[in-house]
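Good morning, and thank you for making time for this presentation. I would ask you to keep the structure open on your screens while I speak.

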Amino acid sequence: MSRVLASALAMLLVSSASAQGSAPLADPTRPPAVGPAAEVVVPEGPLLQSVLISPTRRMAVISGKAVALGARFGNATVESINAGTVVLKYANRKETLHLIPGMDKRERRVAAAAHAGPAAWEKGNPR
């Protein structure tokens with residue numbers, strides 16, 4: 001009886017494995033299929049693409065054009081360049097461009113203990 005049960009179980013496992021092998025496996029790294037019905041959203045107006053901040057200069061790439069702080073971009077002047085934003089000043093308004101839309105980057109305040117110097121840091125952290 002146990003021999004019949006074991007052979008039936010083996011047949012069930014073999015048939016199950018062959019049924020799974022016939023279906024193609026989905027590649028999880030493959031990008032989703034995009035058909036002609038998919039809409040591509042193109043933002044209107046200037047698009048901030050990159051920011052370069054160094055001790056000697058501040059530059060940004062806006063809609064494919066590299067501009068420096070104080071330079072002209074179309075009808076606007078580049079008023080400020082920060083880590084994630086650029087402010088364009090027009091004649092009657094200002095426009096803030098964000099490197100990552102929907103994200104507002106703020107500077108973090110560091111505790112006074114962090115500014116005490118390496119000697120204070122080493123006291124609490126022996127090597």
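**Two sheets and their side-chain contacts**

I begin with a turn: in the hairpin of S2 and S3, 2 residues lie between the strands, and one residue there, Ser-63, takes a positive phi near 50°. Please bear in mind throughout that this is a predicted model. The phi value of Ser-63 deserves a remark, as it is positive in a residue other than glycine. Ser-63 is placed in the loop between S2 and S3. Is Ser-63 buried, exposed or partly exposed? With a relative accessibility of 41%, Ser-63 counts as partly exposed.

Let me now turn to the sheet around that hairpin. It is an open sheet of 3 strands, ordered S1-S2-S3, and its pairing is antiparallel. Strand S1, residues 48-53, and strand S3, residues 65-68, are the edge strands, each of which pairs on one side only. From one strand to the next, the twist averages 20°. As a general reminder, the strands of a sheet pair through backbone hydrogen bonds, in either a parallel or an antiparallel manner.

I shall take the two pairings in turn. S1 and S2 run antiparallel and are joined by 5 bridges. Which residue of S2 is the bridge partner of Leu-52? That partner is Met-59. The hairpin that joins S1 to S2 passes through 4 residues. On the other side, strand S2, residues 58-62, pairs with S3 in the antiparallel sense over 4 bridges. Within this pairing, Ala-60 has Val-67 of S3 as its bridge partner, and Ile-62 stands opposite Lys-65 in S3.

The second sheet is also worth following on the screen. Here 4 strands form an open sheet in the order S4-S5-S6-S7, with antiparallel pairing. Strand S4, residues 72-73, and S7 stand at the edges with a single partner strand each, so one side of each is left without a neighbour in the sheet.

I would like to look at S6 and S7 in detail. Over 5 bridges, S6 and S7 pair in the antiparallel sense. These strands, S6 and S7, form a hairpin with 4 residues between them. Across the pairing, Leu-88 stands opposite Glu-95 in S7, and Lys-89 has Lys-94 of S7 as its bridge partner.

Thr-85 belongs to strand S6, which covers residues 85-89. Why does Thr-85 count as buried? Its relative accessibility is 17%, and the cut-off for a buried residue is under 20%. Which residues does Thr-85 contact, leaving aside its neighbours within four places in sequence? They are Leu-48, Ser-80, Thr-96, Leu-97 and His-98.

I come now to the charged side chains. As a general point, side chains of opposite charge can pair when their charged atoms come close. How many salt bridges does the count give? The count comes to 2 salt bridges.

One of these salt bridges is formed by Glu-79 and Lys-94, whose closest N and O atoms are 3.0 Å apart. Because Glu-79 lies in strand S5, residues 76-81, and Lys-94 lies in strand S7, residues 94-98, the pair ties together parts that are 15 residues apart in sequence. Glu-79 counts as partly exposed, at 34% relative accessibility, whereas Lys-94 is exposed, with a relative accessible area of 55%. Lys-94 is also the residue I named a moment ago as the bridge partner of Lys-89.

The side chains of Arg-93 and Glu-95 meet in another salt bridge, at 3.7 Å from N to O. Arg-93 is partly exposed, its relative accessible area being 43%. Arg-93 also lies over the face of Tyr-90, at 4.1 Å from the ring centre. As for Glu-95, I recall that it is the residue of S7 opposite Leu-88.

A final word on aromatic rings. How many aromatic pairs are counted? The count of aromatic pairs comes to 0.

To close, I return to the two sheets. The sheet ordered S1-S2-S3 is open and antiparallel, and the sheet ordered S4-S5-S6-S7 is likewise open with antiparallel pairing. Thank you for your attention.

Note on methods: Residues are numbered from 1 along each chain as its sequence is written. This is a predicted model: local features need pLDDT of at least 70, side-chain atom pairs count only at pLDDT 80 or more; totals for chains, interfaces and linings use all residues. Side-chain values use heavy atoms; hydrogens and water are left out. Buried means under 20% relative accessible area, exposed over 50%, partly exposed in between (1.4 Å probe, protein chains only). Contact means heavy atoms within 4.5 Å. Two strands pair if DSSP finds at least two bridges between them. Axes are lines fitted to C-alpha atoms, for helices over the stretch in contact, and angles run from 0 to 180 degrees between N-to-C directions. Rings of Phe, Tyr and Trp (its six-membered ring) pair if their centres lie within 6.5 Å; planes under 30 degrees apart count as stacked, over 60 as edge-to-face and the rest as tilted. A charge sits over a ring if NZ of Lys or CZ of Arg is within 6 Å of the ring centre and within 35 degrees of the ring normal. A salt bridge is a side-chain nitrogen of Lys or Arg within 4 Å of a carboxyl oxygen of Asp or Glu.
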